[in-house]
Amino acid sequence: MTVHHAVEITLTRPATDGELRRAGRIVALASNTDHTRLLIVQRAKTPGRALRAVRHRLNAALPIDVVTTHYPDRQGCVLVNFALSHEARTIIHRAAAAGGQRPRDFLSQTVTDAVARHQEERARRLTTHLNGLLDQHTAEELLLGAASMLLSLRTCLPSSKSSSPS
């Protein structure tokens, strides 16, 4: 059964107006304000086929970096399609063979591990930063500072239609 898949395209640089017009003649698309990310709907039997079709149809018209499914599948995974150089493919094939894996499985595991390491490092930096703040300030001072910042942001936001308590 052929269904529609939301596909997001990340560009290597902002697309020019001419590139967007040419791509718009090939497929209907929506662009973010800085023309570095596009969203399209592609008919295909599977999400993987949708990504390949998008890259095939638009690769010559746009400076495509990465093509992904916009929504996660039932397992919570987002498919990623990116072009690799011949040298990169060779390195991946060798590393996969050394580990007794298929190249796609090796690459998937490598990316998953890298994302997990990045998240752990980010959490560690945040914890270190918060501990440093707690060394220099009391919890009450930090709470007062956060509340003050939030209140100052509230005055910068456009007023809402609901009335605020006096």
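**Notebook: salt bridges, strands and a pocket**

I began with Arg13, which forms a salt bridge with Glu19, the closest N and O atoms being 2.6 Å apart; by salt bridge I mean a side-chain nitrogen of Lys or Arg within 4 Å of a carboxyl oxygen of Asp or Glu. I note that this is a predicted model, in which local features need pLDDT of at least 70 and side-chain atom pairs count only at pLDDT 80 or more, while totals for chains, interfaces and linings use all residues. Residues are numbered from 1 along each chain as its sequence is written, and side-chain values use heavy atoms, with hydrogens and water left out.

I then looked up accessibility for this pair, taking buried as under 20% relative accessible area, exposed as over 50% and partly exposed as in between (1.4 Å probe, protein chains only). Arg13 is partly exposed, with a relative accessible area of 36%, whereas Glu19 is buried at 10%.

**Other salt bridges**

How many salt bridges does a search of the whole structure find? The search returns 5. As general background, side chains of opposite charge can pair when their charged atoms come close.

One of the pairs I followed up is Glu8 with Arg37, where the closest N and O atoms are 2.1 Å apart. Glu8 lies in strand β1 and Arg37 in strand β3, so this salt bridge ties together parts that are 29 residues apart in sequence. Helices (H or I, at least four residues) and strands (E, at least two) are taken here as DSSP runs, numbered from the N terminus. I find Glu8 buried, with a relative accessible area of 11%, and Arg37 partly exposed, with 43%.

In helix α4 I looked at Arg124 and Glu121, whose side chains meet in a salt bridge at 2.5 Å, N to O. These two residues are 3 apart in the helix, and are therefore separated by about one helical turn. Both ends were checked for exposure: Arg124 counts as partly exposed at 47% relative accessibility, and Glu121 is partly exposed at 30%. I also recorded that Glu121, Arg124 and Arg125 are linked in a network of salt bridges.

**Strand pairing**

Next I took up β1, accepting two strands as paired if DSSP finds at least two bridges between them. Strand β1 (residues 3–11) runs antiparallel to strand β3 (residues 37–44), and 8 bridges join them; within this pairing His5 stands opposite Gln42 of β3. Strand β1 also pairs in the antiparallel sense with strand β4 (residues 64–69), over 5 bridges, and here Leu11 stands opposite Ile64 of β4.

**The largest pocket**

A pocket, on a 1 Å grid over the protein atoms alone, is an open set of points where a 1.4 Å probe fits, with protein on both sides within 12 Å along at least five of seven lines, and its lining residues have an atom within 4 Å of a point. The largest pocket has a volume of about 910 Å³, a volume being the space filled by probe spheres set on the points.

Which residues lie nearest its centre? Of the 23 lining residues, they are Leu79, Val80, Arg104, Leu107 and Ser108. I traced the lining to α2 (47–58), β5 (80–82), α3 (86–98) and α4 (103–136), each supplying at least two residues, with the largest share, 7 residues, coming from α4.

**The position of Gln136**

Last, I looked up Gln136, which has its place in helix α4 and is exposed, with a relative accessible area of 62%. From Gln136 to Ser148 I noted 12 residues in sequence and 18 Å in space, C-alpha to C-alpha.
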